[in-house]
Amino acid sequence: MHFFSPVLWQFLVKWLTEFALFPPQASAIAPYMDAFYFFLLLISLVGLVLVGLMVGTFSIMFRKEKNPQATHIEGSTLLEATWTIIPLALFMVCFVWGALLYFRIYNPPTNAMNIYIVGKQWMWKAEHPGGQHEINALHIPVDRDVQLTMISQDVFHSFSIPAFRVKREVIPGRYSTVWFRATQAGTYHLFCTQYCGTLHSAMIGDIVAMPPDDYRKWIAGSTSGQSLAQNGERLFASLGCNSCHSGTSGARGPNLAGIYRSKVTLEGGRTVTADDEFLRGSILNPTTHQMAGYAPIMPTYQGQVSEEGLIDLVEYIKGLDSNDRIHQTLNDSNFSPSQAGATGAAPNYRSEQLTGAKQLPDAKPDTSTSKGMGPSPQ
Amino acid sequence: MSTIVRLPNQQDATLPKRSYLNSEYGLKSWLLTGDHKRIAILYLISITFFFFLGGAFAGLIRLELLTPMPDLVASDTYNKLFTMHGIIMVFLFLVPSVPATIGNFVLPIMLGARDLAFPKINLLSWYLYIVAGIFTVSALVLGGVDTGWTFTTPLSTHYLNTHVITAAMGVFIAGFSSIFTGLNFIVTTHRMRAPGMTWFRIPLFVWSHYAASILMVLGTPVLAITLVLVALERLFGIGVFDPSKGGDPLLFQHLFWFYSHPAVYIMILPGMGVISEVISTFSRKRVFGYTAVAFSSVAIAVFGFFVWAHHMFIMGVSNYSALVFSLLTMLVAVPSAIKIFNWAATLYKGSITFETPMLYAFGFMGLFTIGGLTGVFLGSLGMDIHLTETYFIVAHFHFVMVGGMLMAYLAGVHFWWPKITGRMYPEGLSKLAAVVTFIGFILTFFPQFILGYLGMPRRYHAYPPEFQVLNVLSTAGATVLGIGYLLPMIYMTWSLKYGAIAGSNPWQATGLEWQIQSPPPTENFLEIPVVDHEAYDYEWLANKTQHEVTTVG
């Protein structure tokens with residue numbers, strides 16, 4: 001190849017060996033996305049060929065040499081209707097197809113395993129429920145629904161895995177979620193796709209999809225000894241949350257056991273579902289998440305708890321199905337985190353609290369700010 | 001009904017003794033002029049400067065992306081390059097491109113008016129543009145700005161220490177320049193049409209400018225408000241967009257895109273007007289479905305205001321609002337399709353010649369069709385998840401804005417060049433430039449669609465090595481494209497002195513601007529014409545020419 005520049009030669013070899021039109025198809029949704037892509041490509045091609053044929057044929061047939069006299073034509077309502085209705089119909093098919101995919105990608109299945117992602121300039125931090133932390137990497141099992149609950153600590157980021165065809169904005173001050181089910185083991189690109197400052201293009205990482213056995217090994221080998229919920233429990237005690245959210249009948253704050261995913265009534269009568277976002281918001285902006293029947297006495301924890309800390313707290317509250325542990329940490333000054341492991345088989349107070357049936361009227365807190373009207377029968 | 005076209009003998013044409021170009025001399029006569037034609041020239045010079053400035057940044061970006069590693073410039077510099085490229089190209093080139101130059105020059109003449117409704121406001125709009133340009137260049141000279149042209153909060157308000165406010169100020173002022181142009185066009189179209197020039201006799205160029213002007217006047221104030229809020233947030237921390245103070249960072253994006261999506265139509269609609277004129281002229285035939293094309297401009301302007309949240313499908317807007325915005329996005333795609341088909345149908349039974357403006361118009365139709373159809377990809381909710389924020393979106397809007405709008409702008413500049421200067425550009429060289437531009441464009445931006453589907457994010461200084469091949473192709477294309485843009489710049493300047501003398505109507509076009517001398521006199525019309533024919537009436541033109549010949553003979 002002496003007549004060929006080596007650079008050009010290398011380029012051609014690269015072109016032939018690495019050329020790809022599609023990223024790897026590594027998630028359950030990817031084949032559906034690609035099918036839709038082919039449909040869109042097809043209608044684009046038909047549209048383009050149609051316009052090209054019209055312009056090309058007319059240019060040849062009616063060029064001046066062949067057709068020296070133009071014929072005056074006003075227009076045609078029938079033709080206008082045709083090229084309004086046919087594109088509209090095709091676009092409507094795209095709309096419905098696209099909407100179905102969108103709802104599938106952005107509505108996670110309820111039994112998905114949840115991993116937390118914190119984005120910050122310029123790194124991704126993944127937190128597994130078992131307490132495993134990763135930077136710019138995410139290990140996941142294949143053939144298992146995985147939901148990511150994501151938040152940004154500073155600016156907008158965007159979590160994108162092209163091989164899985166999923167992406168979602170990671171927003172400061174608000175949880176966003178996305179889910180996927182990996183189907184092929186392998187290592188895939190993770191990109192931040194929302195411009196986030198100087199090292200935006202360095203905010204990348206690896207998604208490692210592993211067969212279930214390898215994943216179990218990896219999880220066992222990377223544990224830091226403390227699960228997120230255990231960290232959360234410690235934080236819950238050290239911030240003094242348990243002094244009000246004690247779960248006892250006279251508590252000044254709402255009972256948190258079993259609150260996750262239940263319907264709660266807010267001050268003013270609005271009913272909302274207590275999801276991750278609600279729990280986080282209640283810690284940072286208690287006044288806007290004030291539950292009916294309680295005095296607005298909770299201070300804001302804005303600026304006192306990091307996003308990771310908030311995730312620990314949320315994870316702890318989510319798993320809380322009885323108040324035993326709270327009582328234990330309240331009463332036992334020598335509380336050691338190592339004790340916090342298995343959940344106690346204690347009676348569940350959830351139903352009592354929600355119905356308020358067993359609450360004693362005289363157990364109300366006698367603070368002057370208390371409004372004294374709540375779910376409890378007077 | 002048929003029309004025989006006879007092109008006038010250009011050898012006999014002479015430059016008129018008096019025209020707007022030589023009625024007065026000296027810098028002052030230009031800088032204090034109220035003449036819409038002279039203001040158009042001022043705009044033409046200034047936007048050409050900013051086009052090449054923005055283009056130089058694009059060249060540096062492509063050069064950096066030749067290799068996967070960040071090696072030509074530092075990351076911060078790279079971020080500043082694409083930010084300045086975006087700000088300059090969008091606010092200082094694309095938004096004023098066709099309206100402020102060609103629109104300013106021919107819109108009043110097309111309507112049979114002696115000037116725009118408010119000549120002094122027209123001049124003020126150019127001065128505001130220059131002030132905006134000075135602010136933008138200052139931001140650049142002082143050290144640049146790296147927010148991206150979208151000024152996204154909280155990055156722009158809390159996390160950058162570059163010249164955000166200076167750049168935002170530039171965009172803020174440029175907005176007022178565009179509002180004044182729009183206001184002038186709206187009032188002129190309503191109030192200053194010549195006798196007999198009814199709404200359905202005005203050329204489609206005016207219809208599309210009218211639609212774009214409505215968008216400018218109603219949309220741009222929202223951008224101004226948004227930028228003021230960004231500045232206040234930066235200076236005083238008022239907290240509107242700051243979640244830790246109870247603000248909403250997404251609110252910024254709603255406000256910004258409420259302007260910036262209609263802005264896309266502000267940019268493309270005037271270009272569509274140019275294409276209508278060019279296609280009709282070189283097919284010697286009335287535009288097929290005049291009313292459909294006119295009303296599709298208005299439909300684009302109306303729907304254009306209700307699709308902004310399609311920029312935010314992945315940003316945690318509610319799924320149901322995403323549904324509504326996706327549906328409306330599909331609706332706004334339809335009028336564009338109507339236009340394309342009507343232009344193609346105009347060619348049917350025409351008598352077509354292939355002068356340079358026509359080649360650019362064909363380029364527009366091909367590239368805009370691709371740009372428009374890939375917009376349907378992005379408007380489809382599920383597909384948008386994978387494609388948004390990647391090179392697919394970069395390719396899409398460059399197909400619409402560069403492949404569409406810049407092709408239309410060049411078509412228009414070539415088409416009206418004989419009218420503006422009185423001289424022809426060199427035909428062979430300009431055809432070459434049109435072809436080079438088309439090939440360079442496809443080579444630059446088509447690989448980016450593939451890159452986008454592969455997942456390469458936009459605004460990336462470095463990228464994984466497997467994307468290099470496509471990036472090299474894109475950079476190679478950009479080189480060709482650069483030559484395609486430099487050529488007209490050179491031969492147009494050359495033609496000012498050496499171009500053949502054009503005569504008043506070298507294309508045998510029907511617009512009122514072609515019935516007066518080239519270059520036109522300062523007052524455009526010695527007496528205001530009375531219009532008794534439809535737009536694009538080539539039979540009327542043939543009769544008129546014949547009549548003139550007999551009178552002279």
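**Two chains, two domains and a buried glycine**

In this predicted model, the contact between the two chains takes 80 residues from chain A and 82 residues from chain B. On the side of chain A that touches chain B, several elements each supply at least two residues, among them helix 1 (6-18), helix 2 (30-61) and helix 3 (77-106), together with strands such as strand 7 (157-161), strand 8 (166-170) and strand 10 (186-192) of chain A. The largest share of this side, 19 residues, comes from helix 3 of chain A. Sorted by class, the side of chain A that touches chain B has 46 nonpolar, 23 polar and eleven charged residues.

Within chain A, the domain assignment gives domain 1, made of 21-67 + 76-224, and domain 2, covering 228-342. The centres of domain 1 and domain 2 of chain A, taken over C-alpha atoms, are separated by 35 Å, and ten residues of domain 1 are in contact with nine residues of domain 2. On the domain 1 side of this contact, strand 2 (113-120) and strand 6 (145-152) of chain A are the elements that give two or more residues, and the residues of that side divide into five nonpolar, three polar and two charged.

Turning to chain B, B:Gly403 lies in helix 14 (residues 391-421) of that chain. Is B:Gly403 buried or exposed? B:Gly403 is buried, because 26 other C-beta atoms lie within 10 Å, where the cut-off for a buried residue is 20 or more. Leaving aside residues up to four places away in sequence, B:Gly403 touches B:Leu367, B:Phe368, B:Gly371, B:His398 and B:Phe441. The C-alpha atoms of B:Gly403 and B:Met365, which are 38 residues apart along the chain, are separated by 8.9 Å.

Conventions. Residues are numbered from 1 along each chain as its sequence is written. Chains are lettered from A and ligands numbered from 1 in the order in which they are written. This is a predicted model: local features need pLDDT of at least 70, side-chain atom pairs count only at pLDDT 80 or more; totals for chains, interfaces and linings use all residues. Domain bounds come from an automatic or database domain assignment. Two residues are in contact if their C-beta atoms, placed from the backbone, lie within 7 Å. Helices (H or I, at least four residues) and strands (E, at least two) are DSSP runs, numbered from the N terminus. Ala, Val, Leu, Ile, Met, Phe, Trp, Tyr, Cys and Pro count as nonpolar, Asp, Glu, Lys and Arg as charged, and the others, Gly among them, as polar. A residue is buried if 20 or more other C-beta atoms lie within 10 Å of its own, exposed if 12 or fewer, and partly exposed in between; C-beta atoms are placed from the backbone.
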